[in-house]
Amino acid sequence: MSIIELKHVNVDFPDKKGKIVHAVQDVNLNVEKGDIYGVVGFSGAGKSTLVRTINLLQKPTAGDIQVNGTDFVKDGKQIIANKQLQLARRKIGMIFQSFNLLNEVTVLENVSFALKHSGLKDKEIEEKSLHLLDLVDLKDKANFYPVQLSGGQQQRVAIARALANEPDILISDEATSALDPQNTQQILALLKKLKKELNLTIVLITHEMDAVKKICDKVAVMEQGKIVEKGKLRDVVLHPQMALTKSFVGGSIEVINTLEMLHLDHLNDDEAIYQLVYSVANVTKSIVIDLYREIGVEVSMLYGNVELLDDEPIGTLLVLVKGDSEKQQETVAFLKEQQVSLTRFDEKGNLYE
Amino acid sequence: MSSWFSSVFPNVVQLGWSGDAGWGTSIVQTLFMTFWSAIFGGILGIVFGVVLVLTKDDGIRPNKFWFNLCDKVVSIFRAIPFIILLAFIAPVTQKIVGTQIGMKAALVPLTLGVFPFYARQVQVALESVAQGKIEAAQSLGATIWDIIFSIYLNEARSELVRVSTVTIISLIGLTAMAGAIGAGGLGNTAISYGYNRFNNDVTLVATVLVIILIFIVQIVGDFFAKKLNHQSR
């Protein structure tokens, strides 16, 4: 059952010069209950605008929006009353890149703020807030002010606040983008844990494919307001259809870092860099050795990694293949036969044109 | 000491403490006018400031009519020089307090003179509250009153104290002019009993007293602005 259903959603707004910007164009998105749905894209792709339509922080210009069985928007018209929307929003938690905590009240009061209209007594609100802080491991910081906490801790407070009204859905708007890698890992692990414990559905926007790979089970790739590709994470990673998706899947930070580190300057005409992505279970033979034996190309390994996507081991190899153009073509054909998804890069980690 | 003081400041001593022209009387008058017009002007200023922020185009309740109305009222009253405002609204003052002269009559022009100045500063202070905090509150299903009181006014409180301090100081300046409609106060003492009678010692002491008053307001304001601020380390 879809818990979030967006149909033909468009968002237009005028820019500073009065020109109309199509921030989101004809987007269809179904999020099933229990999904961790990632929305990736470069900044300016319209990801934030899109997910803000889910709780109507952003009003769409056209399309239908249905959340948790309630129609929010039909044909671009808000059909839910503002008062009802207020109640519905309490069941859709949201966390932000800049945390957006209230600076002038304590951590505890930040969480209690969300429970102001819960009908609980003051004492119960305090107990529940403390319990929520315990859930994110920050009970001991209850009486601190947000500014006294680190970025990662502030985001955990924001998570506790977003979960206060026991929402079914949690929207994460670049929640880890302002954090260092270690804190990012912690927050992602926490989200994964909370999802299981609280039976949440999570929509996560990010520009980092690595974050998506870490916790999502489905992914949509956005470019210029449109969703260019969507599906199960495994399928999108293994068989990316669009150039942008390939660059995202391949453009993982490690690969780009590796190529930058190597300073390959110019590749010779008979050299090509490929990224190979494959399901480890499907590839039993050693591809690198086979390439040398059967086609006679020299293969140098630049980078290799195996990661678990939804519990399935997925390998990523970055290789430099040396051989004339005929042999290069044979190589590509051979790899495709082996169900290896490959993307050609130039020496700087950009897609090869 | 006291004989030295009365020889250097003869006219100051002559005015005495109590009585119509006494120092005590004029200090009380200045404090009375400052206090009450700060209360009335403060309430008006906050109401106008809040309405301006809520009804602007990207506010949480965009409304061109109310925004333009408040914006124009504030702009027009700010444009009128205070000494002219005193005379200009005298008939209104008459209606409200029943007289056109004296300390109470001065409260009407003082309030109207100070509130637009304050409203603009409240507007700027509230606009400094990050839009993200408003969005976060909305995403939690907060009501408009939650957003006004818990987010806008509370998050901007240190900035509000700071602009209130500036406003009260400029208000003390305005009360000095209220002497023109017989409201008394230290400003009136400096002009009527000092300057007009060539009693420079009276002008000097009145000035020093006003400066002390302003310093006290500034120090108290700075103290609370700092104490109430948890925005940055």
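A salt bridge here is a side-chain nitrogen of Lys or Arg within 4 Å of a carboxyl oxygen of Asp or Glu. To see one, select B:Glu159 and B:Arg162, whose closest N and O atoms are 2.9 Å apart. The two residues are three apart in helix H10 of chain B, so about one helical turn separates them. Helices (H or I, at least four residues) and strands (E, at least two) are DSSP runs, numbered from the N terminus. B:Glu159 is partly exposed at 29% relative accessible area, and B:Arg162 is also partly exposed, at 41%. On this scale, buried means under 20% relative accessible area, exposed means over 50%, and partly exposed is in between (1.4 Å probe, protein chains only).

Before moving on, note that this is a predicted model, in which local features need pLDDT of at least 70 and side-chain atom pairs count only at pLDDT 80 or more, while totals for chains, interfaces and linings use all residues. Residues are numbered from 1 along each chain as its sequence is written, chains are lettered from A and ligands numbered from 1 in the order in which they are written, and side-chain values use heavy atoms, with hydrogens and water left out.

**The two chains**

Colour by chain and start with A. Chain A has 12 helices and 15 strands. Its C-alpha atoms fill a box of roughly 75 × 45 × 40 Å along the principal axes. Of its 353 residues, 52% count as buried.

Now show chain B. It has 12 helices and zero strands, so-called α elements following one another from the N terminus on. The C-alpha atoms of chain B fill a box of roughly 70 × 45 × 25 Å, again taken along the principal axes. Of the 233 residues of chain B, 48% count as buried.

**Salt bridges**

How many salt bridges does a search of the whole structure find? The search gives 18 over all chains.

Select A:Asp173 and A:Arg52. They form a salt bridge with the closest N and O atoms 2.4 Å apart. A:Asp173 lies in strand S8 (residues 169–173) of chain A and A:Arg52 in helix H1 (residues 47–52) of chain A, so the pair ties together parts that are 121 residues apart in sequence. Both A:Asp173 and A:Arg52 are buried. Add B:Glu135 to the selection: A:Arg52, A:Asp173 and B:Glu135 are linked in a network of salt bridges.

Next, select A:Glu104 and B:Arg157. Their side chains meet in a salt bridge at 3.4 Å, N to O. A:Glu104 lies in the loop between strand S7 (92–96) and helix H3 (107–114) of chain A, and B:Arg157 lies in helix H10 (residues 157–177) of chain B, so this pair joins two chains. Are these residues buried or exposed? Both A:Glu104 and B:Arg157 are buried.

**Aromatic rings**

Over all chains, the search finds eight aromatic pairs. Rings of Phe, Tyr and Trp (its six-membered ring) pair if their centres lie within 6.5 Å; planes under 30 degrees apart count as stacked, over 60 as edge-to-face and the rest as tilted.

Select B:Phe5 and B:Phe9. This pair is tilted, at 4.9 Å centre to centre with 35° between the planes. B:Phe5 is partly exposed, with 29% relative accessible area, whereas B:Phe9 is buried at 14%.

Then select B:Phe35, B:Trp36 and B:Phe40, which ring pairs link into a cluster.

For a charge over a ring, go to chain A. A:Lys141 lies over the face of A:Phe144, at 4.9 Å from the ring centre. The criterion is NZ of Lys or CZ of Arg within 6 Å of the ring centre and within 35 degrees of the ring normal.

**A helix pair in chain B**

Show helix H3 (residues 23–55) and helix H12 (residues 200–227) of chain B. Their axes come within 12 Å and cross at roughly 40°. Axes are lines fitted to C-alpha atoms, for helices over the stretch in contact, and angles run from 0 to 180 degrees between N-to-C directions. H3(B) is therefore oblique to H12(B); angles under 35 degrees count as roughly parallel, over 145 as roughly antiparallel, 65 to 115 as roughly perpendicular and the rest as oblique.

**Last stop**

Select A:Pro313, in strand S14 (residues 312–322) of chain A. A:Pro313 is partly exposed at 31% relative accessibility. A:Pro313 and A:Val280 are 33 residues apart in sequence and 5.7 Å apart in space, C-alpha to C-alpha.
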